[in-house]
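Trainee: I would like a close look at one part of this model, the cavities inside it. Please put that part in the setting of the whole chain as well.

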Amino acid sequence: SMKKKQNNIRVSFVDEPAAMDVTGSMVYVKTDTHNILIDAGLHQSNSKYDDFLVNKRRFKEFKPKDIDYIFISHLHADHVFLSPRLYKEGCSAKIIVAQDNYRIMHRMAEDSAYIIERDIELINNQHGKNYEPLYTIEDVERTMNYVSEYPVMEKIVVDDTLSFMLIPNGHLLGSVQILLYLKQNNIEKTLLFTGDIGNSKVHNYYVNKFTPVDHADLVIGESTYGDRPDLKTGQKERNNDIEKLFSIITQQVCEMHGQVIIPTFANHRLQFLTTMIYQVMKDYDFPYKVYIDTPLGIDIFNEYRKILSGDELKLFDEVLNWDNLIFVRDAESSKALVHSNEPCVILSTSGMCNNGRIRHHLKKAVPNPNATVLFVGFSTPGSLAALLKDKNVKSISIDNKQYTCRCASFSLKSLSGHAPFCQLLDYYSSINTNRIVLHHGSEKAKLTLKEKLTSELEKKCKSTRVIIANSSLKISL
C-alpha cells in the first residue's frame with residue numbers, strides 16, 4: 001500500500017536529556033515545510049566524560065544540515081550551547097533570539113568553546129582517547145553568522161506556514177517563551193514552549209516581566225520545581241534572605257575576618273546578586289571589598305550597561321560606581337586573590353561549580369572553618385554545588401583531589417530564577433490548551449506536578465491532558 005503523506009505537525013524530544021531531567025534542552029518540530037529546533041542545549045552533569053558522550057551523540061530524528069530554524073529561549077548553556085556543534089556538522093539554520101541577546105550569546109559561546117577545548121584534553125588524557133572537541137572557537141564564529149535578534153511581543157511572519165512570537169518569561173534579561181504559529185493544509189496550530197519561567201511574585205532586578213499566554217494547542221512547560229510544593233519563594237522569604245545575606249556577610253567578613261565565597265552564573269545571577277549585596281551593604285560602614293572574579297561575568301556587566309534603561313540603568317550605574325566593588329579580570333590577579341587571606345566577599349563562576357575560577361576558591365574555602373560558601377538558587381543534582389549543599393557529604397573531590405568540608409555553607413532559596421511550584425500550577429492550569437507536556441525537570445518533579453495539575457484542571461472543568469516528556473515521546477499536532 002502507498003504510504004500516506006503525513007499531514008500532521010510532529011513534535012519529538014530527540015533522545016534529549018531535558019525530556020528526562022533539568023539539563024540539555026532540545027525539542028524538534030517537523031512540518032511539511034520546516035524542520036525546527038527549539039533550544040539546543042548542552043547536557044551538564046558532574047561528569048565531563050559522560051557529558052561529552054551525550055553531547056556528541058547522533059540524533060535519530062534529524063540531520064543538522066536539514067534544520068532550517070533554531071529558536072533559543074534564553075542564554076543558559078543547557079538551552080543554547082550545543083548549537084555550535086550543529087554548525088560544525090553542516091547546519092545552516094537561522095537562529096532566532098530575542099532582542100539584546102546577540103552580543104551576550106557571542107561572548108558566552110566563546111567561553112563555552114574555550115571550556116570545551118580544555119575539557120577534551122582532560123578527557124583524552126584520563127581515558128587514553130583521541131577525541132576531537134565538540135566544537136571550537138571557529139565553529140562559534142560560524143554559528144554567530146546565523147543569529148538574528150527579534151523584538152518581543154510582536155508576531156513575526158516568516159512565510160505562509162510559519163510565524164512566531166517571543167514573549168518575556170521573567171527568567172533573565174532577554175529570556176522568552178516561544179509561541180509558534182504553524183500552518184498546514186490551511187489549518188493553523190499553535191505551540192507554546194515556556195522555556196525556564198521566572199518567579200513573578202517577587203521583584204528581580206534586570207528581567208523582562210513575565211507575560212502569561214492564554215491559549216495554545218500544545219504547551220511544552222518547564223517543571224524544575226515540580227516536586228517542591230514545600231519550597232516557598234515569596235516576598236516574605238525574599239526579605240528573610242536579604243537579612244540572611246546581610247548577617248552572613250557581617251559575621252563572616254566584619255566580625256570573623258574571613259571570606260564569603262559565592263558561586264554564581266555569569267549571566268544575570270551575578271549582576272542581580274552584586275546589586276543585592278550593594279543594596280544591603282551600601283548604608284553600612286563596610287570597609288571590605290566585593291570581588292567579581294570572572295572575565296565572562298565582567299563582560300556581561302558591560303553588555304547589561306548597554307541594554308538597561310531608566311531606573312534600572314540608574315541603579316546599575318550606582319552599583320558599578322561603588323568603591324567596594326573590584327573586577328578581577330586577569331589570571332594573575334585571580335591567583336593572588338585565591339592565595340590572599342583578605343576578609344572579603346568573592347563572587348565567581350560557575351554556579352554549579354563544575355567549571356571556572358570558583359573551583360580554585362573552593363579548594364581553599366571548603367577545608368577552612370573560617371570561610372562561608374553561600375549558594376543561591378537551584379543546583380542540578382550531582383553537580384559539585386549540590387554535593388556541597390548536602391550536609392551529609394563530609395568531603396568532596398575537586399579536580400581529583402579530596403577536600404574535607406569544614407566551611408560553613410548556606411543557601412538563599414528565594415533567589416532562584418525559577419517559578420515555584422504554585423506559580424507553575426497557576427499558570428499551566430490557566431492556559432486554554434488541549435495538551436501540556438511537562439519537560440525540563442526530574443522524573444519526580446514531573447510526576448508530582450502532573451498529579452496536582454490534573455486535579456487543578458478538573459476543578460476548573462478543563463479537559464486538558466497532562467503528559468510527561470521522555471526522550472522517546474512523539475506527539476502529532
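Mentor: What follows goes from the whole chain to the cavities, and then to two single residues.

The model is predicted, not an experimental structure. The chain contains 14 helices and 22 strands. Along the principal axes, its C-alpha atoms fill a box of roughly 80 × 55 × 45 Å. The radius of gyration is 22 Å, which agrees with the value near 23 Å for a compact globule, because that is what the rule gives for 477 residues. Of those 477 residues, 58% are buried. Among contacts with a separation of 6 or more, 76% join residues 24 or more positions apart. The exposed area of the chain is about 20000 Å², and carbon and sulfur atoms supply 50% of that area.

Now the cavities. Counting those of 30 Å³ or more, there are four. The largest cavity has a volume of about 110 Å³. Its lining is made of 15 residues, and those closest to the centre are His171, His268, Arg269, Ser416 and Gly417. By type, the lining of the largest cavity has 10 polar residues, four nonpolar and one charged. Arginine is in the charged class, whereas glycine and histidine are counted as polar. The one charged residue of the lining is therefore Arg269, since Arg269 is among the lining residues and arginine counts as charged.

Two residues can be looked at singly. Ile220 is part of strand β11, which covers residues 218-222. Is Ile220 buried or exposed? Its relative accessibility is 0%, so Ile220 counts as buried, the cut-off for buried being under 20%. Leaving out residues up to four places away in sequence, Ile220 touches Val11, Phe13, Val27, Leu191, Leu192, Phe193, Thr194, Val437 and His439. The C-alpha atom of Ile220 is separated by 22 Å from that of Ala93, and the two residues are 127 residues apart along the chain.

The other residue is Ser83, in helix α3, which spans residues 83-88. Ser83 has a relative accessible area of 1% and is therefore buried. Apart from neighbours within four places in sequence, the contacts of Ser83 are Ala40, Ile95, Met105 and Thr143.

Terms used: Residues numbered from 1 in each chain as written. Predicted model: local features only at pLDDT ≥ 70, side-chain atom pairs only at ≥ 80, totals over all residues. Heavy atoms only, no water. 1 Å grid on protein atoms, 1.4 Å probe; cavity = no way out; pocket = protein on both sides within 12 Å on 5 of 7 lines; lining within 4 Å. Points joined across faces, edges and corners; volume = space filled by probe spheres on them. Helix = DSSP H or I, 4+ residues; strand = E, 2+ residues; numbered from the N terminus. Buried < 20%, exposed > 50% of the residue type's maximum accessible area, 1.4 Å probe, protein only. Contact = heavy atoms within 4.5 Å. Rg over C-alpha atoms; globule rule 2.2 N^0.38 Å. Areas by Shrake-Rupley, 256 points an atom, 1.4 Å probe, with all protein chains shown as cover.
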